[in-house]
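Me: I would like a close look at a single strand of this protein, with its residues and its partner strands taken in turn. After that, please place the strand in the wider picture of cores, ring pairs and individual side chains.

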Amino acid sequence: MTQPLILSLEESRDPSLAGGKAAGLSRLLAAGFAVPHGLCVPTTVYNQTLAAGGINAEAVWRRVLQASQEERGQELSRVRACLLKQVWPTGFELALERRLAELTPDPTLRWAVRSSATNEDVEQASAAGLYHTSLGLSSSQVLRGICDCWLSLWTEAALEYALRTSSPIACSSMAVVIQPLLQATTAGVAYSIHPVTGRTSQVVINAVPGLASSLVSGEVTPDQYVVEVAEDEGRPLRIRRRLLAAKLQKLLSTPAGVHVETISESAQKQSSLSDAQLFELAKVSKHIEAAFRHPVDLEWVWVADRLWVVQARPITAVQPSPALTNDECEWTRANLKETMPELPSPLGLSFLERFMDAYIVAPYRRLGCTVPEGLSSVRVMHGRPYLNVTLFYTLVTQLHGNPSFLTEQMGGEALGFMPSVRPLSGLALVRAGLLMMREWRRVVREGPANFVAMKHMAETYQPNRISNLSAKELGATLDRLGQWLDAHEVTFGIAGGVAQSLQAMGTFLPGWLGEDWRELLNASLQGQGSVISAQHILRLAELVEVARSESVVQRWFLSEGWAASGFREALVGTGFLRRFDEYLGDYGHRAVGESDIMSPRIADQPDSVLMLLQTQLRNGKAVPPGDVVAQQAQRRQAALAEIHRRFGWRRHRGVVFHWWYRRLSRFCALREANRHHLLYYSTAVRYLLLQLGERMVEQGILTQREDMFYLTLDERVALSEGASREWQRLVDTRRAQQTRDNEVPVPDTVRDWEAVLEQGMSTTDQVKGGLLRGVAVSAGTTTGPVRIVRSTQDWQRVRPGDILVVPVIDPGMAPLFGVAAGLIAEMGGTLSHGAIMAREYGLPVLVNVPYATTLLREDEQVHIVSATGTVSRSVP
C-alpha cells in the first residue's frame, strides 16, 4: 500500500512513521486536549528523498559509528549535501500547498515547523532541543523549514546524543510537524513532576511573555513557579513558589514574521501568568501525565484566555518520588528560639541535630512512623536553627493525632500547607500505642533516678575536680557521658505524655466548657508547686525577703554607686550569701539561651541576678513568696471551680477531666524537671569541654579554650583522638562566618527554603492600629508600661509592674517573672518552657504577636487581655 506523503496530526499515531513529537500530539488530540491542528510530513518522505540521492541511511550510520572523527565529519557532510540538493517526491509540493490552505485560508498566516525524529520525545530519551525548529515561516518557506529539520538529524551533536542515550545500532528517521504559529501572549514549559527532586506533588512552570523559543533555548531567564497539587487527584492546591525575572523583551508573531518587542519598564517584573492560569496549567499537566501514564514535559501557549499544548514528551532523567523533601517543608524558629541564643555555637547546633535525630525522630520510627529518606528535623539558615514543622505534622497525623495542636504546642505560625499523609493501619496503631505506654512507664520508673544522676554529674565534674585530667582522659569522659545519655534519655516519652493529654482535652473541653476552655485550663494549671522551673522564681522572691531582713545586706544593695562586683567580700558571713549560694547550686546551671552549651550559666555571671534583686529592694514592691503561692492557689481553685460549675450535673465529665488533668499536670512537671536536669548534664559537659580547651591551648592547637565550642561533635572526637588538622584556622573561619551571619536578618517562619535563600528575607507589612493580636498561653488581664528585653543587658531597666516585650520567652528569663506584670512575645507556644513557668507564676502572657518588639515603644502603656488574645495600646 502506498504510504501517504502528508498526515494530519490526528492520523500521526505511529511513532515510526510520524516520529515521537507528532505521535505525542496525536495522543493529546485523541484524549481531548487543546492542540493546534496541523500536519506531519512522515519519515517515508525523508527516506524517499535520501534514497533518491543515492544515500543508504542505515549503511552510512554503520560507517559513521566505526569512523574516525575526521571520517565521521565527512560522512555527515555528504548526507547533508544530498538533502540540500533534494528532489521532492512527485506530488509532494502541491499536496503540501493544498493541505496548508485547508488548515487556514489566510495567506498571511505564519507557520511553526518542528522536528519529529523517531528517537525524539520517547520514554528512553527526549532529545529536547537537539533538532531544528523554525518559527514564523511563510507558506513559501515551509519547504525549507522541512529540509532544515532533516539536516539537524545529521550533526555531531545528534550523533553524540544517540551514542550516549539510545541503541546506536538503529538509525533514526525524521518526520516534521507543521502547525499554525499561535499569537502567544505567554508561553513556556511545564513539568508534571519536579524536574530535580522528582516530587510528584509539584508541577514546575517556566513562562515568558510572547513566544517561548528564547526560553527553551536557554537565552532568557523565565518566571519560575511551583504549584502544589493533591497527590491522589492532581488538583492544584497552592502556588508554592513564584520567582519573577526581569523580562526586557518578548518575541511576537506578526503577519510579517517573528520580531522582538521591548517590554516597558513598569511591566518587566510583572508575573507572566495569573494564579488562575497557573492552576489551569498544573491541572492540565497532571491530566496529561495520567493520559500518558508517565511524567511529562509540556510546551504550552496561552492565546488570550485559551491554553494550547504544542508539545508533550516524557521526563526521562528524573525518577518520580512521592516523598517529601527538605525544600518543600515548612520550618520554624519557635521553641528553638526560646532556648538558644540568636546565633548558637557550631557545637550547640551539632548537638541539637544529634539530639533531635536520635532522641525525637528515631523513637517515632520505632513506633512505626515513616520518615522519608533525607528528610531532616533541623536545618540551619545563616547560623540560625529551624525545626521541620511539616515533618512533625506528618508524624502526628500518622499516629492519628490532631495536627492542628502543633502550632499551639510548638509556637510559631500555623502550617500553611498540609501534605497528604497515610495514617497507620489499625494494627500498626495498636502496636504504636503499646510501645508508647511502655515508654511512659519507663519515664515514671527511670526518670527520677536519671535526674539525680545528672545533677551528680555537674557536681562531679566541677572545674576544680577535673583540672588535672589529660586531654585523652577528658575526651574519654565526654564519650562516656554521651553513651550514658543514649541509654537514659526520656524526653520523647515525656513530650508524648504532654502532647497526648493536651490533644485529648482539646477534643472534649471545647464542647464541655465553651470557647474560653483554653484560658480556664491554663488558669487551672497555675501554682501547683510541682514545676521545678517555676520554683526558681519563688526562690528569688525569698532572696529579696532575706536581703530585706538583714540590715547589712540591705545597706549594701542600696548603697550609693552600688556595683555587684565584690559581693562575696561585702556579704561574707551573712545569711543572704549562704542562701544565694544555695540558689546558685540549684539554679546556677540555668542561663539565657541555655540549650547552647556555649552560653554562660547564671553561676558564671551572677551579677545580672544581683542587679535584679537590687531593683526589687530599691523599689520596695517585691511580692512576698507566701503571697505569690497563695495567689496562684486562689487562681487555680477558682478556675477548677468554674470548670466544675460548667459541667453541672454531668459528673462523668468531671471524672474524665480530672483523670486527664492529673496526667497533664504530672507530665508538665516531668517535662520541666527533665529540662532542668538535662542542663545539669549540659553543665558537666561544658566544664569538661572548657578543660579540654585548656589542654588544647597548652599544646598550641587552639588560641583560647572557648574555641572548643566552634567544633562539631564529630570534630571534638577527632581532636581528642589527636587527628591532625588546621583546627585554629577552622575555628577562625567559623567565627568570621558567625560575624557575617549576625548581619543577615532571617524570618522566623520559612515556607519555601530555596526562595528565602534566593530572594533574601522578604519584608512583611507591619500591623497598624491600636490593637495587636496573639495567642494566650497564660490567663489574666493586666496593664503596664512596655519594657523591651532582648538580652541580659536589658535586665537592669526592668521595674516592678512592667510588661516585658520579648522576641521569645527564654526560660533563662525566669528571674524577671517575679518583677513583671505580664509578657508579650513575638513567638511561642503553650508547651514552651517559658510559657509553663509564666503560667505557674500567674503572669498574663500572649505569644505569637508579630513584630511586637518593633511596633511597641519603650514605656508606652499597654493592656493585655488573655481571654481575647489582644494587646491594646494608644496610637498617636
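Reply: Strand β3, residues 111–117, is mostly covered, and seven of its seven residues are buried. This is a predicted model, and every value below is computed from it. The residues of β3 divide by direction: Trp111, Val113, Ser115 and Ala117 point one way, whereas Ala112, Arg114 and Ser116 point the other way, and all of them are buried. In a regular strand the side chains alternate between the two faces of the sheet.

The strand has two partners to consider. With strand β4, residues 133–137, β3 pairs in the antiparallel sense over four bridges, and within that pairing arginine 114 has threonine 133 of β4 as its bridge partner. With strand β5, residues 174–180, β3 again runs antiparallel, and here seven bridges join the two strands; in this pairing the bridge partner of valine 113 is isoleucine 178 of β5.

Following the chain onward from β5, one comes to glutamine 183, which is found in the loop between β5 and β6, the latter spanning 186–191. Glutamine 183 has a relative accessible area of 44%, and because buried means under 20% and exposed over 50%, this residue counts as partly exposed. Leaving aside neighbours within four places in sequence, glutamine 183 is in contact with Ser253, Trp302 and Val303, while its C-alpha atom is separated by 8.1 Å from that of leucine 211, which lies 28 residues away along the chain.

Another mostly covered element is helix α6, residues 142–151, in which eight of the ten residues are buried. The buried residues of α6 are Val142, Gly145, Ile146, Cys147, Asp148, Cys149, Trp150 and Leu151.

The nonpolar cores come next. In soluble globular proteins, nonpolar side chains tend to be buried together. The largest nonpolar core here has 123 residues, of which Leu509, Phe557, Phe576, Phe580 and Leu613 touch the most other members. Helix α25, residues 651–698, supplies the largest share of this core, with 19 residues. Not counting residues up to four places away in sequence, leucine 509 touches Gly514, Trp517, Leu521, Phe647 and Phe657. A second core, separate from this one, has 41 residues, and includes Val79, Leu153, Ala158 and Val176.

The aromatic side chains can be read alongside these cores. A search of the whole structure finds 25 aromatic pairs. One of them is formed by tyrosine 386 and tryptophan 753, which meet edge-to-face at 5.5 Å centre to centre, with 80 degrees between the planes. This pair links distant parts of the chain, since tyrosine 386 belongs to strand β16 (residues 384–388) and tryptophan 753 to helix α28 (residues 753–759), 367 residues apart. Tyrosine 386 has 0% relative accessibility and so counts as buried, and tryptophan 753, with a relative accessible area of 3%, is buried as well. Tryptophan 556 and phenylalanine 557 also form an edge-to-face pair, with 4.9 Å from centre to centre and 65 degrees between the planes. Of these two, tryptophan 556 counts as buried at 14% relative accessibility, and phenylalanine 557 counts as buried at 0%. Both take part in a cluster that ring pairs build from Trp556, Phe557, Trp562, Phe567, Phe576, Phe580, Tyr583 and Tyr587.

Charged side chains also meet aromatic rings. The charged end of arginine 663 sits over the ring of tryptophan 440, at 4.5 Å from its centre, and the charged end of arginine 725 sits over the ring of tryptophan 727, at 5.5 Å from its centre.

A further charged side chain to examine is that of lysine 337, placed in helix α10, residues 336–339. Its relative accessible area is 15%, and because the limit for a buried residue is under 20%, lysine 337 counts as buried. The side chain of lysine 337 makes a polar contact of 3.0 Å with the side chain of aspartate 748. Apart from neighbours within four places in sequence, lysine 337 is in contact with Glu342, Asp748, Pro807, Val808 and Met827.

As for the whole, the protein has 31 helices and 25 strands, and buried residues make up 57% of its 876 residues. Its C-alpha atoms fill a box of roughly 120 × 70 × 60 Å along the principal axes. Among contacts between residues at least 6 apart in sequence, 72% join residues at least 24 apart.

Note on methods:
Residues are numbered from 1 along each chain as its sequence is written. Side-chain values use heavy atoms; hydrogens and water are left out. Rings of Phe, Tyr and Trp (its six-membered ring) pair if their centres lie within 6.5 Å; planes under 30 degrees apart count as stacked, over 60 as edge-to-face and the rest as tilted. Buried means under 20% relative accessible area, exposed over 50%, partly exposed in between (1.4 Å probe, protein chains only). A charge sits over a ring if NZ of Lys or CZ of Arg is within 6 Å of the ring centre and within 35 degrees of the ring normal. Two strands pair if DSSP finds at least two bridges between them. A polar contact is a pair of N or O atoms within 3.5 Å; within protein, one must be able to donate a hydrogen and the other to accept it, and residues adjacent in sequence count only if both atoms are side-chain atoms. Contact means heavy atoms within 4.5 Å. A nonpolar core is a set of buried Ala, Val, Leu, Ile, Met, Phe, Trp, Tyr and Cys residues joined through side-chain atoms within 4.5 Å.
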